[in-house]
Amino acid sequence: MEKTKLSEQPLSPWPWQIDVSHVSFDLADMSQQLNDLSLGCYFVNHSNKGLGISQQASLIDPHRFDSSKHMSRTDDFVSTNKAHLPVSAFAPALGTQSLGDRHFRRVHGVKYAYYAGSMANGISSEELVIALGKAGILCSFGAGGLVKDRIEQAIIRIQAALPNGPYAFNLLHSPSEPAMEQSSIGLFLKHKVRTVEASAFLGLTPQIVHYRAAGLSCDLNGKICIKNKVIAKVSRVEVARHFMQPAPIKLLQGLVDEGLITAEQMLLAQKVPMADDITAEADSGGHTDNRPLVTLLPTLLALRDSIQSQYQYSTPLRVGAGGGIGTPDAALAAFNMGAAYIVTGSVNQACVEAGASEHTRQLLSTTEMADVTMAPAADMFEMGVKLQVVKRGTFFPMRANKLYDIYSHYDGIEAIPIKEREKLESQIFRRSLEEVWEGTVSFFNERDPKVLERAMSHPKRKMALIFRWYLGLSSRWSNVGEAGREMDYQIWAGPALGAFNQWAKGSYLDDYKARHAVDIAKHLLYGAAYLNRVNHIIAQGINLPVELRRWSPSKSMI
């Protein structure tokens, strides 16, 4: 093997030496020792053999070590001490648990500063939550879009499998269906779900404030105890500010008046932030503002520092990063920018534990970064809110955007031209609009009858509900694998999935049937820790071989 040379930069002034017999100059040995993150590693440079590595070193005689001269060159050292070589670079033991905020791990009772974010309609399934939870990794169940009985079923099953956690449940803000949000909070309080992931919020609602305040109490020493933890996923400064500050007095007073919280809990709620953790949600799948993480995360970190200075919380807020994290490089970048934890989403949807059909998971496993686009969201259709979905292999984005164009141009179903209406019935709905309306009535009678009442006297609102029939069912078709509707599947994903697929090519994770959420979490974190070590070594002037600068997924490494 051709020897590897150091760069011509001065050697680092490490006061250590290595017995030549303990040094390996073999590339395979270097790879093995670099991958052993539990031990530190030392690099030396031999004039003939080039770069060498060892996991043990001893102190140099202090009378011979002069840090002001950056250590004598190797040739000079060897000429007087042929049994030892001076250390040129050093990397300490630095495993996956060193990444991120230790308080996140402590508060949530997890092994890693990492969690799997929710994907609505049960895509973040019970199987996904339980598998990750048993490995000491937090995962949020995708409760958004599900009816009360289905959510309660999930709570009972997950709590039985993970009586001591960790697990979380998602609370998806639905401006058009406040009753759904209220019923979910009722379930979380009833079953003592202690961690809720709040997503897609535009501001605070009485429901999320109720959950937070209802879990507040004081111990014997007067310290505030927070039983109900909130992780808020946000992409806007104004929304982040709401969750970083204490709950508004007006909302708290309303909850006291209704008898939902006590006067003491109202006072305590004014001393703690609305959330324990704020996730900077960048360019993610599903609901997203497509914010770049490199601008969003520093902005929210600065906001956090400003609010901490103002309120002096006894336990400072933590800010994590989600959206666009699909490779170890991205994970490490987030940690290096100051993220307390990282969040994954799209990469978990192709896992065997995800609540998605095999057709969908196979399609996701071949998705590339450019294969995603924006389409109208079912839950915020009237507001023009969009979410990020897969565009390859499905007509959903095109058809969903067509529905929004029609909604924008006409005041009701009756105002739509006959030919346009016939196209809708034959190409998108595959049934008459009257039949669609009947199904819509049945659906909302179970979820929130008030939605129907508001639509009966408002033709445009009625049209929106009819169009939302397609938008809502398309994601369920994808989950259950509805035969004949493959071209209408609504599949949420961000560009992180494409990056992950590219990174996993040639490894066992290239096969979607072999993708397990626990494996992916460990690979991302282990790879990030490995790259952190590599960067540390390169920064000391070591010219590592290209083969050692990257990290590829392997079953043997986790």
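Which residue lies over the face of Tyr-407? Hold that thought while we get our bearings. What you have here is a predicted model, and its protein chain carries 22 helices and 19 strands. Measured out along its principal axes, the C-alpha trace spans about 95 × 60 × 40 Å.

Of the 558 residues in the chain, 55% are buried. Look at contacts between residues at least 6 apart in sequence, and 70% of them join residues at least 24 apart. On the outside, the accessible surface comes to about 23,700 Å², with carbon and sulfur atoms making up 51% of that. As for charge, there are 58 positive and 55 negative side chains, and the centres of the two sets sit 2 Å apart.

Now for the rings. The chain has 26 aromatic pairs. Take Phe-429 and Phe-467: their ring centres are 6.2 Å apart and their planes meet at 25°, under the 30 degrees cut-off, so this pair counts as stacked. Phe-429 belongs to helix α16 (residues 418–429) and Phe-467 to helix α19 (residues 459–480), so the pair ties together parts that are 38 residues apart in sequence. Both of these Phe residues are buried. Tyr-470 and Trp-477 make an edge-to-face pair instead, 6.1 Å centre to centre with 70° between the planes, and they are both buried too.

These four belong to a cluster linked by ring pairs, which also includes Phe-381, Phe-396, Tyr-404, Tyr-407 and Trp-469.

That brings us back to Tyr-407: the residue over its face is Lys-460, at 4.4 Å from the ring centre. Another lysine, Lys-462, lies over the face of Trp-437, at 4.9 Å from that ring's centre.

Technical notes:
Residues numbered from 1 in each chain as written. Predicted model: local features only at pLDDT ≥ 70, side-chain atom pairs only at ≥ 80, totals over all residues. Heavy atoms only, no water. Helix = DSSP H or I, 4+ residues; strand = E, 2+ residues; numbered from the N terminus. Buried < 20%, exposed > 50% of the residue type's maximum accessible area, 1.4 Å probe, protein only. Contact = heavy atoms within 4.5 Å. Areas by Shrake-Rupley, 256 points an atom, 1.4 Å probe, with all protein chains shown as cover. Lys, Arg positive; Asp, Glu negative; His and termini not counted. Charge placed at Lys NZ, Arg CZ, Asp CG, Glu CD. Phe/Tyr/Trp six-rings, centres within 6.5 Å; stacked < 30°, edge-to-face > 60°. Lys NZ or Arg CZ within 6 Å of the ring centre and 35° of its normal.
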